[in-house]
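Subject: Two-chain model for your files

Hello,

I am passing on the structure we spoke about, with notes on what was found in it. Please keep it open while you read.

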Amino acid sequence: MEKSKKIILIFLLIFGFCKKSEVKKKEEKLSGFEKIHLIESRGETKSFELFAKNVVDEEDSVFLYDFKVIFYDSQGVKTGELTGDSGWINKKNLNILARKNVILKHERESLFTEEIVWIDSLKIAKSDKDVIFYHENNVTYGKGFITGKNLKEIIIRGRVKGGGE
Amino acid sequence: MNLILILLVAKFSYEADSVKIIPKKGLDLIAAKGNINLNDGKTFITGDSALIFKSSDIDSGFIYGNVSIKGEEIEISCKKAKYSFLNEEAEFFENVRVKGKEESIFADHIKYFTKKNFAVARGNILIEKEDIKIFCKEANYDFKKKRGNINLIEKVQIVSGDKEINLYGNKIEVAPDTLYFTGDVRIEGGKESGKGDTLIYVEKEEVAYLKGNPVFYFEKGNAKGEEIELKFKDRKIEKGKILKKSLLEILTEKEEKVIINTYIIESFFDEEGNIKNLKGFDKVEGIIFLNKIKK
């Protein structure tokens, strides 16, 4: 009963602040993220899916515990996924702040850091924290990054160091 | 040049102020900016920016800006470098300078094949080795065998202070310590000059051999023979030895032309390029005239 309330609450909150978006609710089991499952979509095409083990609703945003977000492009093709121990989603603009043990995955690449901001209007992710990026048997270290739209490219800043694994 | 080999086969780590990584299917495109530093612990590459392609079967890239490659025995600087680890080759562009233990090479473009230890230089080329300067447009060199060939030669200078001897030819075969000139060969040093079909310059001995209808010109005459040996000292032609069928044509003090035919003539030149001594006339009457031309 408790779980159902939370799901409905999140569903209503997001739906209320996203007039152009159609938010659908699903209850699915997905490797440890079965508590909450939200689908944010534009028309028939999914924009992102959010799974969280627990949530706390606040005025402008929703606090997420142990969550995962799957991103899609305008064609509905999966572009990447974001996981974190905790985070926030802004009800108004759907921006996401992910914190602690944050992992951003795109195809075969993975990025590890302590904080990531997802800007939904631009479909980009960024951070000012230390990052470790694994790609094509290489690893790159830096301080701060910003992705291109739909995670298609990544700029890593700081004194960047990289090399073969 | 062995360090280029290390450069091309070792796995590098890199540093930069920022990198842009564009992951493609099976290929990473890495654009690095600012204070690029690539190294394997032995060879250090620096540059202003780099473009790196990496995948399971591609490992190559470009380095731009003030590119510098430093190793234990060699240092290369240029404006742009292209490398391919898998093809084992590297190319260096614009104001290329390769500084080795014994020689320096300046060129517009150098391509280096690691597997064969072979370099191809093109454009405005200057090869400096101790006092020798080779100016040319095309040079190939095998660093392992220390052999190569040089085409489109402008000139070869043997320089010391303000003194220089210039050598010319259409083609040079380079061997350890020896340069073989062929085609319209000429040698010019102060008041002396020579020409022939081929010229062999032995660096350590500071000796040049003119062959193939050789003619050697000096202030007061000229010498012809089957072979002319020229010995240098302090970047001047100190001694000329006309071997085999020798023909020496000289002007006396009275501007009389004297022709001396003998088997071997050795002549020594003074500071002014004049003959100060001649050997090889013991059995000919020409010795009389030699006394007259001595100053």
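Strands here are DSSP runs of E of at least two residues, and they are numbered from the N terminus. By that rule A:Asn54 belongs to strand β3 of chain A, which covers residues 45–57. Please bear in mind that this is a predicted model.

Staying with A:Asn54: is this residue buried, exposed or partly exposed? A residue is partly exposed when its count of other C-beta atoms within 10 Å falls between the limits of 12 or fewer for exposed and 20 or more for buried. A:Asn54 has 14 such atoms, so it is partly exposed. Its C-alpha atom is separated by 24 Å from that of A:Ser110, and the two residues are 56 apart along the chain.

Chain A as a whole

Chain A contains one helix and 11 strands. In sequence order the helix comes before the strands, as the pattern α-β-β-β-β-β-β-β-β-β-β-β shows. The chain has 165 residues, of which 36% count as buried. Among its contacts with a separation of 6 or more, 31% are between residues 24 or more positions apart.

Where the chains meet

The contact between the chains involves 19 residues of chain A and 16 residues of chain B. On the chain A side, the elements that give two or more residues are β8 (124–135), β9 (138–147), β10 (154–156) and β11 (160–164). Which of these gives the most? That is β11(A), with five residues. By type, the chain A side divides into five nonpolar, seven polar and seven charged residues.

There is also strand pairing across the two chains. β10(A) pairs with strand β2 of chain B (residues 18–24) in the antiparallel sense, over three bridges. One pair of bridge partners here is A:Ile154 and B:Ile21.

Strands β5 to β7 of chain B

Within chain B, strand β5 (residues 59–70) and strand β6 (residues 75–84) run antiparallel and are joined by nine bridges. B:Tyr64 has B:Lys80 of β6(B) as its bridge partner. β6(B) also pairs with strand β7 (residues 89–99), again in the antiparallel sense, and eight bridges link these two. In that pairing B:Ile76 is matched with B:Val98 of β7(B). β6(B) and β7(B) make a hairpin with four residues between them, and B:Glu88 in the turn has a positive phi of about 55°.

The annotated span of chain B

The UniProt record, an unreviewed entry, places the feature "domain: Organic solvent tolerance-like N-terminal" at residues 107–233 of chain B. In the model this span is 77% strand and 0% helix, and its end C-alpha atoms lie 30 Å apart.

Two residues of chain B with a positive phi are worth listing here. B:Glu130 is not a glycine, yet its phi is positive at about 50°. Where does B:Glu130 lie? It is in the loop between β9 (118–129) and β10 (132–142) of chain B. B:Glu130 counts as exposed because it has 11 C-beta neighbours inside 10 Å. B:Asp184, also a residue other than glycine, has a positive phi near 50°. B:Asp184 is found in a strand, β14 of chain B (residues 178–189). With 13 C-beta neighbours inside 10 Å, B:Asp184 counts as partly exposed.

Regards

Note on methods: Residues are numbered from 1 along each chain as its sequence is written. Chains are lettered from A and ligands numbered from 1 in the order in which they are written. This is a predicted model: local features need pLDDT of at least 70, side-chain atom pairs count only at pLDDT 80 or more; totals for chains, interfaces and linings use all residues. Two residues are in contact if their C-beta atoms, placed from the backbone, lie within 7 Å. UniProt positions are given in the numbering used here, feature names are shortened, and annotations may be inferred rather than shown by experiment. Two strands pair if DSSP finds at least two bridges between them. Ala, Val, Leu, Ile, Met, Phe, Trp, Tyr, Cys and Pro count as nonpolar, Asp, Glu, Lys and Arg as charged, and the others, Gly among them, as polar.
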